[in-house]
Amino acid sequence: MAAHLSSGRVNLNALREAGRRELREFLDKCAGSKEHEVEKMFTLKPGRLPQADVKNIIFFVRPRLELMDIITDNVLREDRGRSPQRDFHILFVPRRSLLCEQWLKEQGVLGSFIHREQYSLDLIPFDGDLLSMESESAFKECYLESDQTSLYHAAKGLMTLQALYGTIPQIFGKGECARHVANMMIRMKREFPGSQNSIFPVFDTLLLLDRNVDLLTPLATQLTYEGLIDEIYGIQNTYVKLPPEKFAPKKQGEGGKDLPTEPKKLQLNSAEELYAEIRDKNFNAVGSVLSKKAKIISAAFEERHHAKTVGEIKQFVSQLPHMQAARSSLANHTSIAELIKDITTSEDFFDNLTVEQEFMSGVDTDKVNNYIEDCIAQKHPLIKILRLVCLQSVCNSGLKQKVLDHYKREILQTYGYEHILTLNNLEKAGLLKPQTGGRNNYPTIRKTLRLWMDDVNEQNPNDISYVYSGYAPLSVRLAQLLARPGWRSIEEVLKMLPGPHFEERQQLPTGLQKKRQHGENRVTLVFFLGGVTYAEIAALRFLSQMEDGGTEYVIATTKLINGTTWMKSLMEKLEPAPF
């Protein structure tokens, strides 16, 4: 299944170019001319700045106080006696922060910066159908700290998208944060009437979804190829670092020495043909695709023996770079698949997945689970325990007080009492809570939305539930039902889920109303406020590819997450006392 949209109607290059233009203008200002080149790029870290024969140094930073401390250290360690003197500039992404500037002033370094600007990088294109703000703390800020800054940035990003791709006529939403973003967009449009443009709209619908409407999906183990890479190794900004052993050339591996020690770093996106084909498949369907590809590539290389004429040889040589790239890509993904298979065939992985699937299908969610107890007793990683306990809580609409107290006591006695703050955060976020009113709504939601499918086809799927081998992501099911037959058919279930659901219509200028051609798909932008998983993205791409679907999806989010990174963002790190 290709990752890019079949019709290619949404081209994110305009968004990329707008960002580049803003950056060029800032560099022109710093350098005082249009003759500028970036000599070197360094990661921000404490200590002296690396050696570089340059006049201008630009700090690109998120507006966070801990980063201001590092910048202060960099500036104070600068050799003032050197010639020529270096000029410092700071670029806050995505907004300037008075708090950060005040902090730099108190440290005595604010005056060292010639330019202090902001770079409005709200939405970053990650792929042909995927945008992310990469705001790591968005969920925690919104749901624990009542800080709506990231929602403002989301609204600003959506206004930028509308400026480039036309006004989105219909806005649907579910959740408190979704309501706030929609209100901010409407207010921004009212306050800046000039922002109404005469561009023919690319998107037909915007769907805003709160992460807390579907707390279950990120807690479950993703079972797509890309999802498992992220679960096991973590994908950072489309790059993954992998153990080097499987990538060593065969002749080196035989001796046992010369094995590489540096992790293998690979970029993962749909520009790579093979990855685009397998990324969204259930992992159990990946092996057969790799096997077929190996036979095709092998047959293509055999063709050289049949090339007799100069023309045939010339044609073979012209295809050689593409064939070699395909062979290298196949070798990489075969190695990754082997690494993943070593884990997915382990007893621990199977036991963990079995418990997850029992909870999601409604089995024994109301009592203390033996497997979780055993894992705590063996001191398995805390994040694994928290994911399972939260999953049980969500699938039971909260735990009985006795069960909840038992889990909390076991966790604190085994892992340390400092984690009481983390447990408090999980309760505040609605992930780990006591059952109120004694009613469990999850079975009704599961049946009405068909969240659990017993007869899932992993090889040739006919439903989005293949991404979790049985569980259909609630968030994506909501998107699917919105497109057809509409949310009126599930009104009662929507009331059971957190937050309001709403619909807004934005008036289009005369002449820009869309007349749909026969067979032309609608385009829906789904914005996840609080994070989205690769399995949910795969499910939406699956819906885009369905022949009778009638809707193509573009995905935007505050952050690409998995259960582990999500849990980490909610954990409190207690600093030891300074004595």
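**Buried elements and salt bridges in a predicted model**

User: Does E492 count as buried or exposed?
Analyst: E492 has a relative accessibility of 55%. The model is a predicted one, and the cut-off for an exposed residue is over 50%. Because 55% lies over that cut-off, E492 counts as exposed.

User: With which residue does the side chain of E492 meet in a salt bridge?
Analyst: The partner lies in helix α20 (residues 491–496), three residues apart from E492, so about one helical turn separates the two. At 56% relative accessibility, this partner counts as exposed. The N to O distance is 3.7 Å, and the residue that meets E492 is K495.

User: How far apart are the closest N and O atoms in the salt bridge of R187 with E191?
Analyst: Both residues belong to helix α6 (residues 176–191), where they stand four residues apart, about one turn of the helix. R187 is partly exposed at a relative accessible area of 49%, and E191 is partly exposed at 46%. The closest N and O atoms of this salt bridge are separated by 2.8 Å.

User: Are the salt-bridge partners E78 and R86 buried or exposed?
Analyst: E78 and R86 form a salt bridge whose closest N and O atoms are 2.9 Å apart. To be called buried, a residue must have under 20% relative accessible area. By that criterion, both E78 and R86 are buried.

User: How many salt bridges does a search of the whole structure find?
Analyst: The pairs include E78 with R86 and R187 with E191. A network of salt bridges also links D127, D129, E226, R279, D280 and R541. For the whole structure, the search gives a total of 29.

User: How many of the eight residues of helix α8 are buried?
Analyst: Helix α8 spans residues 225–232. Its buried residues are Y225, E226, G227, L228, I229, D230 and E231, and E226 also takes part in a network of salt bridges. The helix is largely enclosed by the rest of the structure, because the number of its residues that are buried is seven.

User: Which residue just after α8 takes a positive phi?
Analyst: Residues 225–232 make up α8. Just after this helix, a phi of about 80 degrees is found at G234.

User: What is the relative accessible area of I336?
Analyst: I336 has its place in helix α12 (residues 310–344). Leaving aside neighbours within four places in sequence, I336 is in contact with Y225, I229, L242, F247 and L266; Y225 and I229 are buried residues of α8. I336 is itself buried, with a relative accessible area of 0%.

User: How far apart in space are I336 and L242, C-alpha to C-alpha?
Analyst: L242 is one of the residues in contact with I336. In sequence the two are 94 residues apart, whereas their C-alpha to C-alpha distance is 8.0 Å.

User: Why is strand β13 described as largely enclosed by the rest of the structure?
Analyst: Strand β13 covers residues 551–557. T551, Y553, I555 and T557 point one way from the strand, while E552, V554 and A556 point the other way, and all are buried. The strand is therefore largely enclosed, since the count of its seven residues that are buried is seven.

User: How many bridges join strand β12 to β13?
Analyst: Strand β12 covers residues 522–529 and runs parallel to β13. One pair of bridge partners is F527 with A556 of β13. The number of bridges joining the two strands is seven.

User: Which residue of β13 is the bridge partner of L130?
Analyst: Strand β5 (residues 130–132) pairs with β13 in the parallel sense, over three bridges. Within β13, the bridge partner of L130 is I555.

User: What is the handedness of the β-α-β unit of β12, α21 and β13?
Analyst: The two strands of the unit, β12 and β13, run parallel. Helix α21 (residues 534–545) is the third member, and the β-α-β unit is right-handed.

User: How many disulfides does the count come to?
Analyst: Two cysteines, C100 and C395, each count as buried at 1% relative accessibility. A disulfide requires a pair of cysteine sulfur atoms within 2.5 Å. By this rule the number of disulfides is zero.

User: What percentage of the residues of the protein chain count as buried?
Analyst: The chain has 22 helices and 13 strands, and its accessible surface comes to about 28,700 Å², with 51% belonging to carbon and sulfur atoms. Of the contacts with a separation of 6 or more, 78% are made by residues 24 or more positions apart. Among the 579 residues, the share that counts as buried is 49%.

Conventions:
Residues are numbered from 1 along each chain as its sequence is written. This is a predicted model: local features need pLDDT of at least 70, side-chain atom pairs count only at pLDDT 80 or more; totals for chains, interfaces and linings use all residues. Side-chain values use heavy atoms; hydrogens and water are left out. Buried means under 20% relative accessible area, exposed over 50%, partly exposed in between (1.4 Å probe, protein chains only). Contact means heavy atoms within 4.5 Å. Accessible areas come from the Shrake-Rupley method with a 1.4 Å probe; for residues, only the protein chains shown count as cover. Two strands pair if DSSP finds at least two bridges between them. A crossover is right-handed if, with the strands pointing away from the viewer, the path from the first strand over the helix to the second runs clockwise. A salt bridge is a side-chain nitrogen of Lys or Arg within 4 Å of a carboxyl oxygen of Asp or Glu.
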